[in-house]
Amino acid sequence: MDSETLMNVQDGTQCIRNVRAGSDCRIGIFVNLYDCEIGDRTMIGPFIEIQRGVKIGSRCKVQSHSFICEGITIEDEVFVGHGVIFTNDRHPRSTNEQGEPLTDGEWKLEKTIVRKGASIGSGAVILPGIEIGEGAVVGAGAVVVESVPAHATVVGVPAKMIKKDECSSKNTKSMSVPFIDLKRDIAAHKEEYLSIAERIMDSCGFTLGPEVEQFEQAFAGYLGAKHVIGVANGTLALYAALLALGIGRDDEVIVPANTFVATAEAVWMVGAKPVFIDIDPKTHLMDLTQLDRVATPKTKAVIAVHLYGNMVDVDALCAWTSPRSIRIIEDAAQAHGAFWEDGQAVGTKGDIGCFSFYPTKCLGAFGEAGGIATNDDELANAMRLIRFHGSGAQKYIHEALATNLKMNAFQAAILRSKLARFEASIHRRREIAEMYRSAFADLPLELPPAASSRHAFYVYTVATDERDRLQEHLQSRGIGCGVYYPIPIHEQPAYRSYVGDDDACPQASRDAKRILSIPMFADLTDEEIREVIRAVRETFE
Ligand SMILES: Cc1ncc(COP(=O)(O)O)c(C=O)c1O
């Protein structure tokens, strides 16, 4: 909506561009509003800037000279006094490391939410990544550096609580932090996701077709891979890869003992034998020094699982597989966003790279989805046939024994939309990993490596002999945590028949009792991260 069509705009000089305004809102003079949303009957005073992506609810009152920047959400019935300044980057810089002016993409934006009925006094400054709770009061001139609980009152610089919400303080001593919260991304981009759903319904193109092709091209471009083939999920990506490599009965495939069961499952699905290799407890990844011990003349492939977002050294693996004509499948289900130092993406150095887009993954769909990457034309053609009942250019001619692995168009479209923001979300994961790393450096915890392009931090996993105590303490504090994975596959009942007396993987068995993953997702606020850090440190104090 522009200034001509918006109702109740006072005469004067305004810049109003692409504002979705509810009914009966009032806008003052000399405002600069763009690409934002304002609810019904909200009043925006003069000399105010409201930036792109900001959402302001209904019946709010925003007084003159306030600055509301990108990343801010204000719920219904909030009062914002005169000259209130919101910020969205805690450590802003004018230039990047190369000394070049910062581009929009390099801005480290942290989101802030002001809950229903809160009141912010004139001249307050709100630091980024903060939640101002429902009905909370921020005194005039306060500098708010951490979240304000519902119905509390804070004043001063930095803002301190002078009045608590009596009801909530009786029940809750500290903030709980979810292990993952998908609702935050959905809330931030709901309009876009709804318009995708509408587009797919209007087109009635529900499976494969242009949406899937566009995602395949976009993801191939992101990876720098020649081909990407969209499939129904990550398990079937692995299955298609094994089939395309001609692996089946009497063949053996080396699989790490610590991975999600799907890696081994795909080997079973093609009728081959999964052979489990132990892990290196420092990285939790497959131990390449054990390859000679587990390989036999029947070994046809190795599935290198880039667990937790951290990459197996595929160059070193290639040096072992190439002279033996053994193929490499990269299971990159947990590692989208990781790149080697030479700039090559995860999933593109082996023969085939397999991705899962399960909703909780770094790049997650709104249901099941998967993808396969390869630079080999023949393998790509084979996998396209396998995806579509073994049928290619000619309808109802089935050239290969295969099945239905087709990707859903809605998932492809959602993934393409998320891909545009993907780098920023991986950047945030690395930033969180660094906050954890520096906060835990003096604790008796084994930590993941320092953040680099090689790690996408799908999960943040620490290891300690005190794992159970740490897990219990975090759970009692309402901090989400989980074990990936509590029982290695070579110990799983279903895989017993594949494991001989000499096939122990002692490091994987030990690791399973020592590992714990703590909250890690791009929408975690700094305040939540500080809460996780506090809770972890308490365990060892
Ligand atoms: C390492 C690994 N491989 C394969 C898969 C299977 O992917 P999907 O759940 O999409 O079938 C997963 C999913 O969690 C995984 O983590």
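User: Helices (H or I, at least four residues) and strands (E, at least two) are DSSP runs here, numbered from the N terminus. Which helices each supply at least two residues of the shell around the ligand?

Analyst: Quick housekeeping: this is a predicted model, where local features need pLDDT of at least 70, side-chain atom pairs count only at pLDDT 80 or more, and totals for chains, interfaces and linings use all residues. Residues are numbered from 1 along each chain as its sequence is written. Two helices each give the ligand shell at least two residues: α5 (234-244) and α6 (262-269).

User: And which residues come nearest to the ligand?

Analyst: "Near" calls for a C-beta atom, placed from the backbone, within 6 Å of the molecule or strand. There are 14 residues around the ligand. Those that come nearest are Gly234, Thr235, Ala262, Ala333 and Ser356.

User: How many of the shell residues are nonpolar, polar and charged?

Analyst: Ala, Val, Leu, Ile, Met, Phe, Trp, Tyr, Cys and Pro count as nonpolar, Asp, Glu, Lys and Arg as charged, and the others, Gly among them, as polar. On that split, the shell around the ligand comes to 5 nonpolar, 8 polar and 1 charged.

User: Is strand β28 mostly covered or open?

Analyst: Let's call a residue buried if 20 or more other C-beta atoms lie within 10 Å of its own, exposed if 12 or fewer, and partly exposed in between, with C-beta atoms placed from the backbone. In a regular strand, side chains alternate between the two faces of the sheet. On one side of β28 sit Arg327, Ile329 and Asp331, on the other Ile328 and Glu330, and all are buried. With 5 of its 5 residues buried, β28 (residues 327-331) is mostly covered.

User: Which strands does β28 pair with in the parallel sense?

Analyst: Pairing takes at least two DSSP bridges between two strands. β28 has 5 parallel bridges with one partner, where isoleucine 303 stands opposite isoleucine 329, and 3 with another, where aspartate 331 is bridged to cysteine 354. The partners are β27 (residues 299-305) and β29 (residues 352-356).

User: What handedness does the crossover from β23 to β24 have?

Analyst: β23 (residues 252-256) and β24 pair in the parallel sense over 5 bridges, with proline 256 partnered by isoleucine 277. The chain goes from β23 through α6 to β24. A crossover gets called right-handed if, with the strands pointing away from the viewer, the path from the first strand over the helix to the second runs clockwise. This β-α-β crossover is right-handed.

User: Why can β24 be called largely enclosed?

Analyst: β24 covers residues 273-277. It's largely enclosed by the rest of the structure because its buried residues number 4 of the 5.

User: Is Cysteine 204 buried or exposed?

Analyst: Cysteine 204 sits in the loop between α3 (190-203) and α4 (209-223). Its phi is positive, about 55°, although it isn't a glycine. With 8 other C-beta atoms within 10 Å, Cysteine 204 is exposed.

User: What is omega for the peptide bond from valine 157 to proline 158?

Analyst: Proline 158 lies in the loop between β20 (153-155) and β21 (160-163). The bond from valine 157 is cis, with omega near -15°.
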